[in-house]
Amino acid sequence: MKSWAPKFNKKMVEVMRKNQFKSDNSEDFNGFKQIDFNQQQDLMKNEISKKYEIKVVTSFNERTIFSVIGRNEHNEFFYVIDKNVQNEVSVEKLRALFDK
């Protein structure tokens with residue numbers, strides 16, 4: 001597990017595009033699915049990463065992102081879990097990352 005950094009931005013957006021992500025505050029993600037890939041990266045880097053504390057679950061070599069979760073100051077979450085690891089990673093486990 002890693003904290004968000006710009007180097008994860010592209011892969012994080014790829015995971016969010018390929019898998020259905022959920023958000024407690026959909027206002028922050030209005031239009032995410034309607035904009036192109038580069039705009040999505042800009043949105044995540046310039047807006048979402050400033051509003052949310054983001055944790056990224058990666059492979060050992062950081063080439064694969066398995067899941068992403070973010071929490072804002074109102075304790076609202078957004079998360080996405082890669083389809084290939086849905087049986088191994090739960091929303092509860094992701095939320096617990098912020099309890100540490």
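## Overall form

A compact globule of 100 residues would have a radius of gyration near 13 Å, and the protein chain agrees, with 12 Å. The model is predicted. Its C-alpha trace spans about 30 × 30 × 20 Å along the principal axes. Of the 100 residues in the protein chain, 42% are buried.

The protein chain holds three helices and five strands. Read along the sequence, their order is β-α-β-α-β-β-β-α. Take the contacts between residues at least 6 apart in sequence: 52% of them join residues at least 24 apart.

## Strand β5 and its partners

β5 covers residues 77-81. Five of its five residues are buried. Both faces are covered. Phe77, Tyr79 and Ile81 lie on one side, while Phe78 and Val80 lie on the other.

β5 pairs with β4 and with β2. Five bridges join β4 to β5, and the two strands run antiparallel. Two bridges join β2 to β5, again in an antiparallel arrangement. Tyrosine 79 figures in both pairings. In β5, tyrosine 79 is the bridge partner of isoleucine 69. Tyrosine 79 also stands opposite lysine 22.

β4 and β5 form a hairpin, with four residues between them. Asparagine 75 sits in the turn and has a positive phi of about 65°.

## Nonpolar cores

In soluble globular proteins, nonpolar side chains tend to be buried together. Here, the largest nonpolar core has 18 residues. Met16, Phe29, Met44 and Phe78 have the most contacts inside it. At least two residues of this core come from each of α1, α2, β3, β4 and β5. α1 gives the most, with four residues.

Phenylalanine 29 shows how this core draws on separate stretches of sequence. Leaving aside neighbours within four places in sequence, phenylalanine 29 is in contact with Met16, Phe21, Ser23, Met44, Ile48, Tyr52 and Phe78. Three of the core residues named above, Met16, Met44 and Phe78, are in that list.

Another core lies apart from the largest one and has ten residues. Among them are Ile81, Val85, Val89 and Phe98.

## Salt bridges across the fold

The count comes to six salt bridges. One of them joins glutamate 62 and lysine 2, with the closest N and O atoms 3.3 Å apart. Glutamate 62 lies in the loop between β3 and β4, and lysine 2 lies in strand β1, so the pair ties together parts that are 60 residues apart in sequence. Both partners are partly exposed: glutamate 62 has a relative accessible area of 22%, and lysine 2 is at 35%. Lys2, Lys7 and Glu62 are joined into one network by salt bridges that share partners.

Aspartate 28 and lysine 51 form another salt bridge, at 3.3 Å from N to O. Aspartate 28 is in the loop between β2 and α2, and lysine 51 is in helix α2. The two residues are 23 apart, and the pair links distant parts of the chain. Aspartate 28 counts as buried, at 13% relative accessibility. Lysine 51 counts as partly exposed, at 43%.

## Lysine 55, a buried charge

Where does lysine 55 lie? Its place is in strand β3. Is lysine 55 buried or exposed? With a relative accessible area of 11%, lysine 55 is buried, because buried means under 20%.

The side chain of lysine 55 meets that of glutamate 53 in a salt bridge of 3.5 Å, N to O. The two side chains are also joined by a polar contact of 3.5 Å. Glutamate 53 is partly exposed, with a relative accessible area of 39%.

Which residues does lysine 55 touch, not counting those up to four places away in sequence? They are Met1, Lys2, Ser3, Ser67, Val68, Ile69, Leu97 and Phe98. Several of these names recur from earlier sections. Lys2 belongs to the network with Lys7 and Glu62. Isoleucine 69 has tyrosine 79 of β5 as its bridge partner. Phe98 is among the ten residues of the second core described above.

Definitions and conventions
Residues numbered from 1 in each chain as written. Predicted model: local features only at pLDDT ≥ 70, side-chain atom pairs only at ≥ 80, totals over all residues. Heavy atoms only, no water. Salt bridge = Lys/Arg side-chain N within 4 Å of Asp/Glu carboxyl O. Buried < 20%, exposed > 50% of the residue type's maximum accessible area, 1.4 Å probe, protein only. Core = buried A, V, L, I, M, F, W, Y, C linked by side-chain atoms within 4.5 Å. Contact = heavy atoms within 4.5 Å. Pairing = 2+ DSSP bridges. Polar contact = N/O pair within 3.5 Å; in protein donor to acceptor, adjacent residues only side chain to side chain. Rg over C-alpha atoms; globule rule 2.2 N^0.38 Å.
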